[in-house]
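Thanks for sharing this one. Here are a few points to look at with the model open beside you.

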Amino acid sequence: MILKREKYMKEIRSVLGKQVIKVLLGMRRVGKSTLLLQIQEELISEGIMPDQMISVNFEWMEFEALKDYKALNKYIEDKMTDGKKYYVFLDEVQEVDGFEKVVNSLNAKGQAEIFITGSNSKLLSGELATYLTGRFYTIEVYPFSFGELYHQRESLDEGFLEYITMGGLPGIFQFDSQRTAKNYLLDMYQSILFRDIVERNRIRDVNLFKQFMLYLMNNVSQIFSAGTITRYLKNEGRKLSRETIYQYIEAAKNAYLIYGVPRYNIRGKELMKTNEKYFINDVGIRNLFFDNEKDIGQVLENIVYLELRRRGYEIYIGKLDDREVDFIVIDGESKTYIQVTYLLAEETTIEREFSVLEAIDDNYPKMVISMDRVNRSRNGIIHKNIVDFLLEDGVRLE
């Protein structure tokens, strides 16, 4: 299924013609290559000739020789044979050591507009950031949002249950059966695991790392403790040091497979140094190993987190005395507190979710999100159905 990723295209259009390197970052198979094609198609529709476009995908064998940055530079320069403006597209460019020298040189000459994609968050750190300071514009690409996939569906609730199970990675929608789609998803997950994490970080004990990732996926949206996982693995007959735990986490974060969210002490108004929460980039991956419908509360929280992240907010987990606020969402000078739960069916659940927000003594907006269709807003705290919330993309929180 090819969908026009209009939100990303709108942002890309805003920097077209500007002498900055356009960088699309995100987990493998979230649709970065398709976005490059959509950019090319739009440029052609506006009168740019195909021979003004130079495209290299470093996952294709035919471009294997261009993983040497000098060969890459020569290949591109040889195609820029006149004074025309060219558009250069370099897909999965992290495969080329020294690629920053090529893009910096091309950008400095001013004859080419450059688009690159990568599957590692460290792509623009360290030496590369020094090379390209002030010369690049970054867009993070995510799997399909619920709104992108299902906004035209007649049965939104049915579509949402499908989204909980299958997630939003573009590749799965080419298959007619869920079984085939899940096989594809498993192959893709293993590719991320081995190519983008194990090989890149030279992880030796692959089975231990896989076991660690299963633990992390099982406990998405739960407070994470290195001590807890150490004890868990010890009971499984495996040993894992705290240092290695955090190396594993960093490696998975760099590949965009997971995100870590720090905790913030609302009363003390300070960041806490321990016990982050972790969320997975696509809930369909989690459902390969665990039952998302059974763990619906955790999965809903994961889905809301990803949606908030797509919308560009700064996000924290809140701690208020001995209670937790699922999300503190920062938008410039504004702030919103959000609780996420499955259903507000029991009075005890209603009290738990609303009372912690009522205890926060400031005037920022507060919200509870659940699957209920009955509006249970009270005392100025807004209650929203999660499907309605997910379809509000582009609407600022209030």
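1. Let me begin with the core. This is a predicted model, and its largest nonpolar core holds 114 residues, of which F212 and F327 touch the most other members. Separate from that core is another one, of 15 residues, which includes Y316, Y337, L344 and V368. As background, nonpolar side chains in soluble globular proteins tend to be buried together.

2. F327 deserves a closer look. Setting aside neighbours within four places in sequence, F327 is in contact with F279, E301, V304, Y305, L308, I315, Y316, I317, T336, Y337, I338 and V340. Two names in that list, Y316 and Y337, also appear among the members of the 15-residue core.

3. The other residue, F212, takes you to a helix pair. F212 is one of the α9 residues at the contact with α10: L208, Q211, F212 and Y215 meet T228, I229, Y232 and L233. By class, this contact has six nonpolar, two polar and no charged residues.

4. How do α9 and α10 pack? Their axes are 11 Å apart, at an angle of about 125°. At that angle α9 is oblique to α10, because the value falls between the roughly perpendicular range, 65 to 115 degrees, and the roughly antiparallel one, over 145. The crossing of α9 and α10 is right-handed.

5. Please also check the loop between α9 (206–218) and α10 (226–235), where S221 sits. S221 is not a glycine, yet has a positive phi of about 70°. Most residues other than glycine have a negative phi. Is S221 buried or exposed? With a relative accessible area of 3%, S221 is buried, because the cut-off is under 20%.

6. E92 makes a good companion case. E92, also not a glycine, has a positive phi of about 55°, and lies in the loop between β3 (86–91) and α4 (99–109). E92 counts as buried because its relative accessibility is 3%.

7. That loop leads on to α4, which packs with α3 (residues 69–79) at an angle of about 30°, the axes being 8 Å apart. An angle under 35 degrees counts as roughly parallel, so α3 is roughly parallel to α4. This crossing is right-handed.

8. Finally, which residues make the contact of α3 with α4? Y69, L72, N73, I76 and E77 in α3 meet F99, K101, V102, L106 and K109 in α4. They divide into six nonpolar, one polar and three charged residues.

Notes:
Residues are numbered from 1 along each chain as its sequence is written. This is a predicted model: local features need pLDDT of at least 70, side-chain atom pairs count only at pLDDT 80 or more; totals for chains, interfaces and linings use all residues. Side-chain values use heavy atoms; hydrogens and water are left out. Helices (H or I, at least four residues) and strands (E, at least two) are DSSP runs, numbered from the N terminus. Buried means under 20% relative accessible area, exposed over 50%, partly exposed in between (1.4 Å probe, protein chains only). A nonpolar core is a set of buried Ala, Val, Leu, Ile, Met, Phe, Trp, Tyr and Cys residues joined through side-chain atoms within 4.5 Å. Contact means heavy atoms within 4.5 Å. Axes are lines fitted to C-alpha atoms, for helices over the stretch in contact, and angles run from 0 to 180 degrees between N-to-C directions. A crossing is left-handed if the near helix is turned anticlockwise from the far one by less than a right angle, and right-handed if clockwise. Ala, Val, Leu, Ile, Met, Phe, Trp, Tyr, Cys and Pro count as nonpolar, Asp, Glu, Lys and Arg as charged, and the others, Gly among them, as polar.
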